[in-house]
Amino acid sequence: MKNKLSLLFTLIIFTISTYGQGDGEVLPLTKIILDLSSKHSIQFSYADQDINDLYITKWDNNLSLSRSLKILANYFSLTFEKINEQTFAIVKNQESYTICGSIKDLEGSPIPNVIVRLGKVATKSNEDGLFYILATTKNEQVNISQSGYETINLNVKDILDQECLEIRLITKNIYPVELEEVLLKNYITAGISKNRKGYVEINYEDFGILPGLIESDVLLSAQSLPGVISVNERVSNLNIRGGTNDQNLLLWDGIKMYQSGHFFGLISAFNPETTKKASIYTNGTNAKYADGVSGTIVMETNNEIVNHIEGSAGLNLLNANLNIEVPISKRSSLQVAGRHSLNGIYETPTYDSYFDQAFRDTEVIGNFDSSIISNRTFNFFDTSVRYFSNLSDKTFIKANSIFISNELEFTENGNIDDKVFVTLSGVSQRNLAGGIVLGHKWNDKHSSELQTYVTNYSLQSENTNFTSNQVLIQENDVLEVSARVESSFKVDNSLFIKGGYQLTETGIRNVADVTNPIFRSDQKEVVITNAVYTEGDQRFLDGRGRAILGVRASHFGKLDTIFVEPRAVFNYKIFKGFTAEIKGEYKSQITSQIINLQNDFIGVDNRRWILSNNNDIPILRGKQASIGLHYSERDLLISAEYYIKRVSGVTTQSQGFLNQLQFVNAIGSYDINGFDLLVSKNLGDFNTSLSYSYSVNDYNWDSLPLNTNLEFPNNNDVRHSINSIVDYTFKTFKIAAGINWRRGKPFTPLNPENPIIENELNFNQPNSSNINDYLRIDLSATYNFKFNEDYEGFVGLSLWNITNEENELERTFINMDDTATNVNRRALERTPNLSLKITF
């Protein structure tokens with residue numbers, strides 16, 4: 001009778017405190033025992049402490065008695081001993097572990113009724129935030145979840161080390177979630193998706209595998225998308241729908257980056273261990289983003305707070321990588337990450353291939369003017385620091401910084417009139433940037449964000465020529481400071497509105513200093529930009545339709561120019577599996593890169609940033625429209641999109657001509673008509689994709705020298721390109737192979753009858769021929785494994801250009817002693833890479 005009264009009392013208290021709150025997710029063991037006693041006319045004998053505070057998430061009342069007792073015994077590590085026909089004794093197994101925890105918020109206040117799960121067993125915290133739960137082994141994980149807070153998973157052995165572990169829950173999602181909805185999932189591979197807001201998102205925490213890649217290199221993985229290529233195999237020259245790299249906006253946690261590559265452009269400068277997500281816009285760009293008349297790539301780092309030390313250490317055949325994130329307090333954590341080239345310790349064959357590719361046809365490799373190049377030293381590194389803190393349940397702050405560096409030095413030895421000369425030359429490329437984001441959630445429907453950043457890019461070179469006794473010093477410096485404030489409003493479940501203001505000051509300086517003859521040029525330009533923007537995101541027709549309309553208005557200070565730029569994305573689910581989409585945008589940009597001479601900055605990276613002046617360097621203007629049809633059903637994905645695009649305000653200096661237009665200053669535009677198609681099919685553990693891009697990309701110049709066509713193919717005109725990928729996943733093993741083919745880019749041939757006239761190269765019409773087609777086959781494989789519960793291992797192997805194709809990237813001509821000589825620039829040869837990493 002005493003046992004029954006105890007059970008009844010416990011049941012009443014639980015019903016009042018738990019079910020009265022409208023949460024019936026779990027059932028107490030005491031209630032199940034009471035039901036079994038009543039249903040089968042039996043009694044249970046037990047110690048209160050053995051079964052109190054035990055709950056189960058799912059229960060079937062129609063089970064037989066023997067089946068019920070067996071399930072309960074397994075779930076709770078209990079033994080039901082049959083004393084007689086009507087009595088059972090409940091005994092807790094000795095090998096079980098009682099786990100105690102105290103759950104509180106960041107202010108230290110207890111949180112009651114938090115669900116704590118261990119396998120299929122569950123319990124809830126009491127009014128003091130305390131809970132007790134049984135574990136049968138130390139290798140299990142405890143899951144703690146509560147509405148409005150971040151979910152926490154803890155190892156049993158970590159909790160047992162303390163008498164009663166204090167657990168602080170972090171308020172979930174301080175900044176409001178916008179209306180996100182995936183349109184096409186597993187777009188090419190796992191982790192890549194196309195959403196209904198018009199852009200492609202790459203989630204590197206759920207990333208699959210791509211051929212030739214063993215690390216989540218943002219700018220290399222972007223080239224797997226239709227319409228995104230690099231015509232010269234450099235991530236620093238990413239061509240999005242036929243544009244040039246300087247027409248792309250690169251944002252790292254909201255900070256504009258003016259440098260994107262290591263090895264002067266061959267690999268991405270953004271650490272794959274810190275980049276968690278990337279959003280790639282080819283059209284219909286979010287109204288809060290300026291610049292990027294060709295495309296926008298938004299990279300984001302982690303926005304979570306760790307409760308214990310996490311990190312990774314690894315290396316590949318190019319660099320070593322270290323990433324550590326530590327909790328500073330219950331509310332904040334700090335992440336520090338860095339990479340450094342390995343050549344200071346050992347130069348691998350992979351490093352040698354990249355070095356040769358980066359510096360081929362420059363003074364760094366080969367002899368010029370009977371000189372000998374020696375003592376070549378090169379290194380690259382990047383480091384980043386991120387601090388994230390929840391100042392309160394409604395306010396967060398994020399501060400981060402990044403430093404990217406490429407350094408090259410070499411010695412030139414020569415002999416003139418029996419005198420030995422030794423000179424030192426070098427080039428340095430750096431980008432140092434930092435920013436702060438402060439966000440506040442006023443209520444469930446209104447939030448605000450304030451961001452400010454500073455970014456400083458510097459490209460410097462010193463080139464000593466002993467034959468002319470001349471030293472040439474060149475500098476290209478960019479300093480940009482920006483502040484942005486934005487407010488977001490959730491009107492209802494179908495309408496989301498935001499608006500903001502951004503102030504940006506951009507200063508660019510170009511210096512050229514020559515010693516013989518003495519000459520110095522020091523030019524600096526500064527433009528202040530004020531911009532306001534607003535955007536509305538509306539769902540309609542029960543969510544089948546979605547319209548995102550935005551507009552950005554910018555005033556460019558000293559240029560006294562105002563541009564109003566509308567942006568739009570419409571999509572509608574026609575019927576099951578089919579979605580139609582229309583996108584459009586207007587954009588402008590006041591920064592661009594030009595090439596004065598091919599051997600500027602020792603020819604390593606001869607592009608320099610400049611500002612528009614509304615004279616010989618106009619403001620870049622871009623406009624684009626596209627229409628698409630997408631299908632996704634039964635593991636089959638088909639995406640087709642047709643687009644038209646125009647970019648005006650381009651100059652011949654910005655296009656890198658190597659023909660009769662190399663020293664011509666002209667202004668014009670280019671127009672593109674293109675079509676992108678992607679077909680992807682999932683076959684269980686296999687995933688296949690085939691993409692095809694067709695585009696016609698033509699220049700239209702205002703004026704050019706006599707007898708030169710005003711219209712001709714763009715330097716980046718690649719009419720046809722195909723990318724095919726097959727990947728296979730078995731548990732933690734992944735392997736992928738891919739074929740990349742494209743039509744050769746245009747080049748300007750010489751007149752075959754008179755290749756040289758008056759000691760000058762005599763070219764035919766610009767871009768009237770094409771180089772050989774490009775073909776590359778890649779392979780990659782990765783494997784994840786566990787050393788123990790605390791340490792995981794990763795090994796990856798890749799082969800770039802397996803068949804060692806001698807792909808031609810560029811063809812030009814030089815005049816050698818009144819003889820025309822063909823110069824072909826080749827792509828990267830067969831290159832392996834191996835990656836090893838430990839995560840803790």
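1. A good place to start is the aromatic side chains: the count comes to 33 aromatic pairs. One of them joins phenylalanine 388 and phenylalanine 396, and this pair is stacked because the ring planes stand at 20 degrees, with the centres 5.7 Å apart. Phenylalanine 388 is buried, at a relative accessible area of 6%, and phenylalanine 396 is buried too, at 8%. Please keep in mind throughout that this is a predicted model.

2. A second ring pair makes a useful contrast. Phenylalanine 657 and tyrosine 699 have ring centres 5.6 Å apart, and their planes are at 50 degrees, so this pair is tilted. The two residues come from distant parts of the chain, 42 residues apart: phenylalanine 657 sits in the loop between S40 and strand S41 (667–683), while tyrosine 699 belongs to strand S42 (residues 686–701). How accessible is phenylalanine 657? Its relative accessibility is 3%, so it counts as buried. For tyrosine 699 the relative accessible area is 1%, which again means buried.

3. Aromatic rings also gather in a cluster, where ring pairs link Phe263, Phe264, Tyr351, Tyr354, Phe355, Phe359, Phe378 and Phe380. Keep Tyr351, Tyr354, Phe355 and Phe359 in mind, since these names return in the next point: they are among the buried residues of H7.

4. Helix H7 (residues 349–359) deserves a look of its own. Why is this helix described as largely enclosed by the rest of the structure? Because eight of its eleven residues are buried. Besides the aromatic residues just named, the buried residues of H7 include Thr350, Ser353, Gln357 and Ala358. The buried residues pack against several strands, among them strand S27 (372–390), strand S28 (395–416) and strand S52 (808–815). Following H7 comes aspartate 361, which has a positive phi, near 65 degrees.

5. Turning to charged side chains, a search of the whole structure finds 35 salt bridges. A local example is lysine 31 with aspartate 35, whose closest N and O atoms are 3.0 Å apart. Both residues lie in helix H2 (residues 29–40), four residues apart, or about one turn of the helix. Are these two residues buried or partly exposed? Lysine 31 has 25% relative accessibility and so counts as partly exposed; aspartate 35, at 30%, is partly exposed as well.

6. Arginine 241 and glutamate 641 form another salt bridge, with 3.5 Å between the closest N and O atoms. Arginine 241 lies in the loop between strand S17 (239–240) and strand S18 (248–252), and glutamate 641 lies in strand S40 (residues 636–651), so the pair ties together parts that are 400 residues apart in sequence. Both of these residues are buried. Arginine 567 and glutamate 565 are also both buried, and their side chains meet in a salt bridge at 3.0 Å, N to O. Elsewhere, salt bridges form a network linking Glu475, Arg509, Asp513, Arg520 and Asp522.

7. Serine 626, in strand S39 (residues 620–633), is worth selecting in the viewer. This serine is buried, as its relative accessible area is 6%. The side chain of serine 626 makes a polar contact with that of asparagine 283, at 3.0 Å. Residues touched by serine 626 include Glu581, Lys583 and Tyr642, and also Glu641, which you have met as the partner of arginine 241.

8. Now for the strands. Strand S6 (residues 97–105) is mostly covered, with seven of its nine residues buried. S6 pairs with strand S9 (residues 130–135) in the antiparallel sense over six bridges, and isoleucine 99 has isoleucine 133 in S9 as its bridge partner. With strand S12 (residues 165–169), S6 runs parallel and is joined by five bridges; here lysine 104 is partnered with arginine 168.

9. Finally, there is an open sheet of three strands, in the order S2-S5-S4, with mixed pairing. Strand S2 (43–45) and strand S4 (78–84) are at the edges with a single partner strand each, so one side of each has no neighbour in the sheet. From one strand to the next, the twist averages 30 degrees. S2 pairs with strand S5 (residues 87–92) in the parallel sense over three bridges, and serine 45 has alanine 89 in S5 as its bridge partner. Helix H4 (residues 65–76) lies across S2, S4 and S5, and runs at about 140 degrees to S4.

How values were computed
Residues are numbered from 1 along each chain as its sequence is written. This is a predicted model: local features need pLDDT of at least 70, side-chain atom pairs count only at pLDDT 80 or more; totals for chains, interfaces and linings use all residues. Side-chain values use heavy atoms; hydrogens and water are left out. A salt bridge is a side-chain nitrogen of Lys or Arg within 4 Å of a carboxyl oxygen of Asp or Glu. Buried means under 20% relative accessible area, exposed over 50%, partly exposed in between (1.4 Å probe, protein chains only). Two strands pair if DSSP finds at least two bridges between them. A polar contact is a pair of N or O atoms within 3.5 Å; within protein, one must be able to donate a hydrogen and the other to accept it, and residues adjacent in sequence count only if both atoms are side-chain atoms. Contact means heavy atoms within 4.5 Å. Axes are lines fitted to C-alpha atoms, for helices over the stretch in contact, and angles run from 0 to 180 degrees between N-to-C directions. Rings of Phe, Tyr and Trp (its six-membered ring) pair if their centres lie within 6.5 Å; planes under 30 degrees apart count as stacked, over 60 as edge-to-face and the rest as tilted. Lists of a residue's contacts leave out its neighbours within four places in sequence.
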